Every structure is written in structure tokens, then in C-alpha cells.
Amino acid sequence: MTTIGITPTNPVEPFLRTDRMPHIWCPGCGIGTSVNSFARALTEANMDLKNVAIVSGIGCTGRVAGYMKLDSFHTTHGRAIPFATGLKLANPKLNVVVYSGDGDLFAIGGNHLIHAARRNVDIKVVCVNNLIYAMTGGQTAPTTPGDVVTSTNPYGTYDPSFNLPYLVEAAGAVYVARWTAFHVRQLARAMEEMFTKKGFSFIEVLSPCPTLYQRRNKMGDGLDTMKFYKEKSRIKNGAPTNEVALSKSGEIIVGKFVDRERADYRDLMHDQLEEVLGDQYVEAEACECSI
Amino acid sequence: MQHLTEIRIAGFGGQGVILSAIVIGKAGCIFEGGYSTMTQSFGPEARGGACSAQVILSDQPVLYPYVTRPDILVVMSQEAYTIFAPQVRENGILVIEQDLVRVDKLPAGVRVYSCPATRLAEDLGKKMVLNIVMVGFFGAVSGVLKPDSLRDAVAASVPEAYRDLNRKAFDKGYEYGIKTLNGEIPAEEPQIEVAALET
Amino acid sequence: MHADPAGVLTGSHFLDGDHACCEGALAAGARFSSGYPITPSTEVVERFASRVPTVGGTFIQMEDELAASITLQGAVWGGAKAFTVTSGPGFSLMMEHIGLAIMTETPCVFVDVQRGGPSTGLPTLPAQGDMMQVRWGSHGDYEIIALCPNSPQECFDLTVTAFNYSEQYRVPVFVMMDEVVGHMTEKVVIPPAEQIEVTPRRYTTIPPGEFLAFEPKDDLVPDMPRTGEGYNVHVTGLTHDNRGYPDMTPAQQDKLVKRLCNKIRQNVDKITLYEADQIEGADVAVVSYGITSRVAQRAIDLARDKGIKVGKFRLITAWPFPEKQIAEIAAKVKAFVVPELNLGQMVREVERAAAGKAVVRHVPHAGGSVHKPEDILQAIMEVAR
């Protein structure tokens with residue numbers, strides 16, 4: 001397809017399962033916006049779409065896999081990363097993207113996330129962070145900032161929350177960035193860059209949940225949230241991740257925080273086994289699926 | 001009619017009790033074409049405390065996998081002796097590492113064969129092969145398996161780098177066993193005690 | 001097709017059940033395992049970790065059993081034959097992903113080396129207490145296949161069978177070992193590769209664009225697409241239509257869940273494996289499985305010595321339960337004796353299948369050891385009167 005000139009279709013359409021539209025996301029939600037950026041990144045990075053697989057967990061963002069016209073896997077709650085790990089190790093030619101939400105990846109799936117980062121499995125993780133459990137009706141997530149009203153903290157949250165970039169960097173990720181649903185171009189560029197990295201890469205996408213987060217906290221609708229992001233965001237590439245924690249109404253530090261090189265899991269495995277086993281070592285090939 | 005020989009080997013963790021049992025079991029089913037079933041007691045104690053393995057040799061498939069009344073007990077520690085010696089079948093065989101086990105009360109008619117396996121292993125420069133010395137000794141005094149089967153099973157059960165050492169250990173124990181049977185062991189290392197009948 | 005010789009350790013070996021199971025997996029073509037250490041099953045993956053780099057494959061030790069039980073499913077969709085191994089506590093954690101494998105029709109093998117429970121229970125000692133859990137432990141309605149080896153040889157043989165069934169029916173298949181079978185060492189004969197039948201993955205020959213990923217064939221099982229070939233497959237644990245798209249309607253739920261069950265139920269005669277001996281003319285039939293079947297055999301022999309007419313029926317497939325065979329036997333014998341290392345699990349199936357036509361006498365054992373043959377003999381003698 002071409003994006004030059006006037007096209008009768010939305011440029012994102014070729015990447016979507018249009019037979020599944022309309023989608024389930026609410027007006028003003030940032031998940032669809034992030035998908036636009038993702039589609040743009042796939043185009044800009046000239047990805048062979050046959051070799052891009054997308055894996056999601058459960059939740060609003062967990063539905064992304066189901067809408068992308070790619071090999072797509074909608075797994076169980078919190079377990080997209082271990083599924084993606086198996087998919088990538090068995091079929092290394094695939095570019096495996098995990099696209100899921102903050103509750104899925106950092107609460108029920110938190111253990112898998114830190115271990116995948118530790119191993120430096122070559123998977124790309126996009127975390128749409130709406131600061132809340134949205135699909136189930138607006139409960140407190142491990143990302144919810146303090147003093148936020150949720151359905152399970154009706155008098156305001158007091159659980160301390162995770163600073164995702166800090167956590168993921170500490171666990172070993174080679175690429176860590178944060179953008180908001182307002183920063184669609186920067187986000188697309190970050191996603192494009194992520195595809196060039198080998199190893200565990202992570203992008204946090206701050207997204208409104210007008211229905212459950214903004215409304216309950218009297219923060220307006222989706223458009224108000226875009227204004228909020230615009231006013232509060234400060235681009236600070238290379239910011240120390242321990243300084244990028246989010247609060248209810250404070251500054252939002254965005255940018256690329258981590259970009260480093262580390263041997264990925266498969267290379268580590270290969271080098272160790274080859275060194276110790278020598279001629280006896282038979283490299284695990286991409287499965288030709290004959291058996 | 002099925003002919004079964006039940007064997008228990010016991011000692012403390014790290015002595016190679018399990019490997020001894022593997023050698024005996026392997027000799028029975030791989031090198032002599034019979035049937036053998038080996039089981040072992042697992043548990044935290046397997047890393048230092050009492051450790052035991054059981055082998056059942058048979059001319060037909062083994063059904064019940066556990067040893068309750070061994071025909072032959074091989075012990076390499078006093079604790080194992082205390083636990084397992086009372087279980088030896090009447091007129092059974094007790095094989096001991098004589099420097100590690102002191103014999104007291106025993107079931108009726110049990111024949112006791114003693115071997116200084118640790119010292120014989122040390123003569124080879126590797127105390128760790130005491131278990132294979134015991135297997136050789138066991139092979140000679142019990143006669144339940146052909147020495148060649150056991151020797152082949154030893155070779156097939158240890159890493160290649162240790163094959164010669166273990167063959168030597170086996171032969172050393174086996175020769176000591178034959179000497180014991182022939183009454184050639186000097187008096188200060190008294191062998192073939194027949195335990196007093198217990199009432 | 002025949003096994004890939006690279007993974008087949010042809011010859012006579014003295015192996016324990018855990019190691020034999022690993023060799024069975026390699027012979028069947030498994031080239032991926034994700035595991036988490038748990039006694040008494042760990043030896044299976046320890047051997048796999050040692051062997052598979054010389055065969056061409058991957059072992060990865062995961063952070064827990066939740067991960068282990070889904071990483072292997074990622075690998076399956078990536079093209080590998082894959083399995084995991086666990087015991088009671090880990091098996092409990094895997095239940096969710098057993099459901100995922102059923103719903104997404106992911107061919108894979110789970111090995112459960114059963115130990116005493118509940119909870120941490122008896123880590124190093126045997127039980128057969130997961131027999132109902134394997135059948136019903138994940139939520140919702142489904143059918144699975146579970147095999148019960150009673151020797152290291154069968155740990156090899158039935159692990160191959162498990163992989164073959166999983167590929168044929170696109171269902172998770174369970175090798176339900178127990179600690180005794182897993183840890184006992186016996187002679188295991190591994191045949192030459194050309195004598196080992198392995199079932200290849202049922203990949204579709206229909207090109208991308210025309211292929212419906214979950215459209216069943218005549219045997220109610222759909223063929224599989226290959227990932228990375230442009231099929232744009234969508235795989236979801238949600239109730240889905242033949243394209244794989246979520247369709248959360250009562251009508252689709254009815255259609256899909258019934259098919260997932262019926263693909264096993266309809267093929268039950270092809271799946272069921274059992275061993276029957278001297279059932280004709282017997283007054284009593286002893287129904288057992290796993291290690292208990294060997295203890296029971298000694299009791300049967302002792303009873304026959306006493307002149308009691310005893311038949312043996314050994315479950316090799318515990319699930320699907322061979323209810324047709326049990327019903328037939330119920331019409332002939334006075335009673336069943338069912339020893340098992342639990343306080344009453346498969347005996348319920350025997351009672352259900354016998355439907356009151358014969359007495360069913362359970363011989364329970366809470367686990368930690370095996371039955372005394374005398375206890376089984378006693379039960380045989382009592383019901384034979």
C-alpha cells in the first residue's frame with residue numbers, strides 16, 4: 001500500500017482486522033492511539049509483517065492482539081511474556097511484541113516481566129499504562145498514584161505505586177522509554193527504534209481512561225487528558241529512571257531513558273553451550289515444523 | 001516359580017550408595033538378561049545422613065518394587081547398620097565395611113562378610129571408589145551375579161575418565177572377597193562370622 | 001512418520017522413570033521444555049537440559065510453574081513440540097494454562113509425577129491423588145487424555161504416545177506418573193528410530209487467506225497454521241469462532257465447547273488403552289493403574305493361588321475413562337476391587353460405569369508408600385465370598 005496522496009482508506013487499516021471493528025475501546029481511550037503509532041512504526045521500520053507476532057494478556061490493552069492483522073496471541077492474565085518467550089525461542093526469526101496493560105504486566109505478570117528482563121529475552125514490550133484496572137471497572141493497580149479514587153480505594157489510594165521505567169531498567173532491559181498518548185510521533189519513533197534493538201525492550205505509554213480514571217477523579221474527558229499531558233510532560237531523554245516516578249497531578253517525565261547493549265538470552269545460551277560442548281553442540285534451529 | 005533376590009545397600013550420603021545399586025541392577029538386567037528393579041530412599045537426608053538403595057534381582061518381571069526383608073544387606077555406616085540390620089532375612093547375608101560398622105545383634109543364621117573397603121580404596125589413591133570396592137566384594141561373597149556382568153556394569157556406569165580406576169576398585173574388592181571365601185584373610189581381620197542364633 | 005534418529009537413544013538402558021520419560025519426549029520429537037524444579041519430577045528436565053543441546057533444542061528454567069506451563073505453549077505455536085514436568089503443588093499452579101491449551105487446541109504434554117498432598121504434603125513420597133485434578137482441575141467443561149505408566153519402560157513408551165495423541169487431537173495430554181514409577185530404575189529398551197511412530201503436527205496445506213484456523217476436520221480437530229507464514233492467525237482463550245475471533249455468544253459457546261469435548265469423546269475407542277487379563281470367568285476384577293497395578297498383581301497372584309477367580313483390568317488411559325469396558329465387565333463379575341493411592345478418586349468412575357451391576361470395593365491408601373499386597377488380597381477375598 002502507499003501512504004502518498006489521498007488514499008481511500010485509513011493508513012492504519014491494512015494493519016487491522018477490519019472484520020473485527022468496531023473495537024471495544026471507549027471514546028477518549030489512548031489504546032487505539034498507541035495502535036496508530038504502532039502501525040506507523042511497522043511501516044517506517046519496513047517490518048516484514050509475516051514475521052511480526054503480537055502477544056497480549058488480559059485487559060483492555062490485552063485486546064490489541066485481537067485487532068492486529070498479524071499472527072496474534074491473546075493469552076491468559078499476566079502471562080503474555082512467558083508465552084512470548086516460548087514463541088521467540090522456538091522461532092527466532094519472529095519479531096515478538098508483547099502489547100498489554102499495566103495491571104496485566106506489572107501486577108499478576110510482574111514476576112514474569114522482571115525475569116524476562118533479567119534474561120534479556122529478545123521481545124519488545126509495549127505497556128499501555130492507564131494507571132488503573134479498566135476492563136474490570138476501575139480498581140487500583142500497582143501503577144495507580146497516591147490519592148486517586150478507584151472502585152477499590154473509594155477514599156483515595158494509599159498503596160505506593162511502581163515507577164515502571166526504574167523497575168524495568170533495574171531488571172535488565174536494554175531499551176526503556178516513556179511517552180504519552182499525546183506524543184504520537186515520538187511514540188511511533190520509539191517503537192520503530194525498539195525494533196532495531198536486540199533484547200528486552202520496553203515502552204510505557206501513558207494513556208487516559210476517561211471512563212474510570214479521569215471521570216472518577218474529576219480530571220475531565222479524553223481531550224482534557226491530552227491537554228493535561230501536554231502541560232505536564234517534560235521531555236528528558238536519558239533521565240535517571242529513579243527520578244521519573246508519576247504522581248496524580250505532577251510533572252510527567254517522558255523520553256528515552258535507557259538504550260544499552262547486552263547479549264540477549266539466545267546468544268548467551270548459544271555461546272555457553274558452544275563453548276562447553278564444542279562439536280557436540282547442535283544449535284536449536286528455527287523450527288521447520290517437519291515434526 | 002519366581003526366584004527373587006532382594007538386596008539393600010545403605011550408608012551415608014556421598015559414599016556412592018546409589019551408584020553401587022545402579023551397578024548391581026544394571027548387571028542383573030542389562031548384562032545378564034534378567035530383571036532388576038532399583039529404588040532408593042529420597043529425602044533431605046540423601047545429602048549426608050542415612051542413604052539407602054534397594055535392588056531386586058529376578059528371573060521374571062518384578063512386581064512389588066520395595067524391599068522389606070533383604071536377602072543381602074550391604075552397609076557402609078553404623079547408622080545404616082542399626083536401622084537396617086534387623087530386617088535381614090534369616091540365613092541372609094550381611095556385607096559390611098569393617099572399619100565403619102561394628103556388628104552386634106543379628107537375625108538368626110545371617111552370614112557376615114567384612115571388607116576394609118575404605119583402606120583398599122585408599123590403596124588405589126581414591127577413597128571415593130570405596131563403593132565400587134564394596135560392589136566387587138559383594139559380587140565375590142554373594143555369588144548372585146557373574147563377576148564379568150558386574151565388571152561390565154561398573155564400566156558402563158561411570159564416566160570414561162574414571163573407568164580404569166573403578167575397574168581396579170572392583171577387582172580389588174572382588175579379589176578380597178575370594179580370599180575371604182578361601183580363608184586367606186589374616187587372623188587380625190577376622191571374617192565369616194556366623195551370628196549367634198537369637199531367641 | 002518415524003522418529004528423528006537424532007533424539008533417539010536406541011539401546012538397552014538402566015533408567016529410572018523420570019529419565020525414561022525424558023527419552024520418550026526426545027524420541028517423540030520434543031525439542032523444547034520449560035520447567036520449574038519440583039521433587040520428584042525434576043530429573044526429567046535435568047536430563048532434558050543435559051541432552052537437548054546435543055540434539056538441537058531448548059530448555060529454559062522459568063520463574064514458576066505458571067510461566068513454565070505457558071512458555072511451552074508459545075514454543076508450540078512457534079513450531080516446536082514441547083512439554084513441561086511437575087508435581088502436585090506445581091500442577092495446581094498449571095491449571096489455568098491447561099485450560100488455555102484446551103481452548104486454543106495447543107498440542108502439548110504435561111508430566112505430573114504425583115506425590116502426597118494436599119499442599120506441600122509428601123515431597124519425596126508417592127501418591128495418586130491428582131487423578132481427579134487432571135480431569136477437572138481447570139475451570140469449565142473439557143476433555144483431556146491422561147496416561148498412567150507403571151514402569152520406566154512405560155514412562156518411555158507412553159510419553160511417546162502422549163505426544164502422538166496431543167498432535168492427533170490437539171489437546172494437552174498428561175503422563176500421570178507417581179513418585180515410585182518416577183524414581184524406580186529398571187531396564188528400558190529404546191527401539192531404533194525407524195520403529196518409533198511419531199505423529200507429525202497436522203499443519204494445513206491451505207494457503208493463507210483461505211484458511212480458517214479453527215475449522216474442524218471430520219475428526220472434529222482443526223488443522224494448524226504455521227506462525228510466521230502470513231496466516232495472521234488469531235489464537236485466544238476467549239470463546240471463538242472458526243476464524244479464531246472472539247464470539248462470546250451462548251450459541252458459539254455451545255458449539256465450541258461441545259466440539260472440544262466431542263473430539264475426544266467421539267474418538268474414545270481409538271484413544272483408550274488398557275490391559276486386561278483373565279477377565280472371562282472371573283468373580284472379581286481388580287482395577288488399578290500406575291505403581292498400584294504392580295502391587296495389585298502380587299495380590300492377584302496370591303488370590304489365584306487360593307483358588308479365587310480374579311481378573312485384572314489395568315487403566316493405561318485413566319482419561320478418557322474406559323467406561324464401556326468397565327460396564328461390560330460389571331455384567332460378568334460379582335465385584336470390583338479398586339486399590340489406589342488416594343482416598344477415593346478413580347473408584348468413583350468405576351462405580352459410575354458399573355452402575356450397580358457389581359459391587360465396587362475401594363482399597364484406599366493416603367499415599368507415602370504403596371499398598372501392602374495383603375491389604376488388596378484381603379479385599380479380594382472378602383468380595384469373592
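**Exercise 1.** Work out how many residues chain C and chain B each bring to their contact.

*Solution.* Start with the rule: contact means heavy atoms within 4.5 Å. By that rule, chain C brings 23 residues and chain B brings 19 residues. Keep in mind that this is a predicted model, where local features need pLDDT of at least 70, side-chain atom pairs count only at pLDDT 80 or more, and totals for chains, interfaces and linings use all residues. Residues are numbered from 1 along each chain as its sequence is written, and chains are lettered from A in the order in which they are written.

**Exercise 2.** Find the area that chain C and chain B bury between them, and the three residues that supply the most of chain C's part.

*Solution.* Buried area is the accessible area (1.4 Å probe) that two parts lose on being put together, summed over both. Here that comes to about 1700 Å², with 66% of it on carbon and sulfur atoms. Now look at chain C: F14(C), R294(C) and R298(C) supply 35% of the area it buries against chain B, more than any other three residues.

**Exercise 3.** Pair up strand β2 of chain B with its partner in chain C.

*Solution.* Strands are DSSP runs of E, at least two residues, numbered from the N terminus. Two of them pair if DSSP finds at least two bridges between them. Strand β2 (residues 35-40) of chain B pairs with β9(C), in the antiparallel sense, over two bridges. Zoom in and you'll find T37(B) opposite E186(C), which sits in β9(C).

Methods
Side-chain values use heavy atoms; hydrogens and water are left out. Helices (H or I, at least four residues) and strands (E, at least two) are DSSP runs, numbered from the N terminus.
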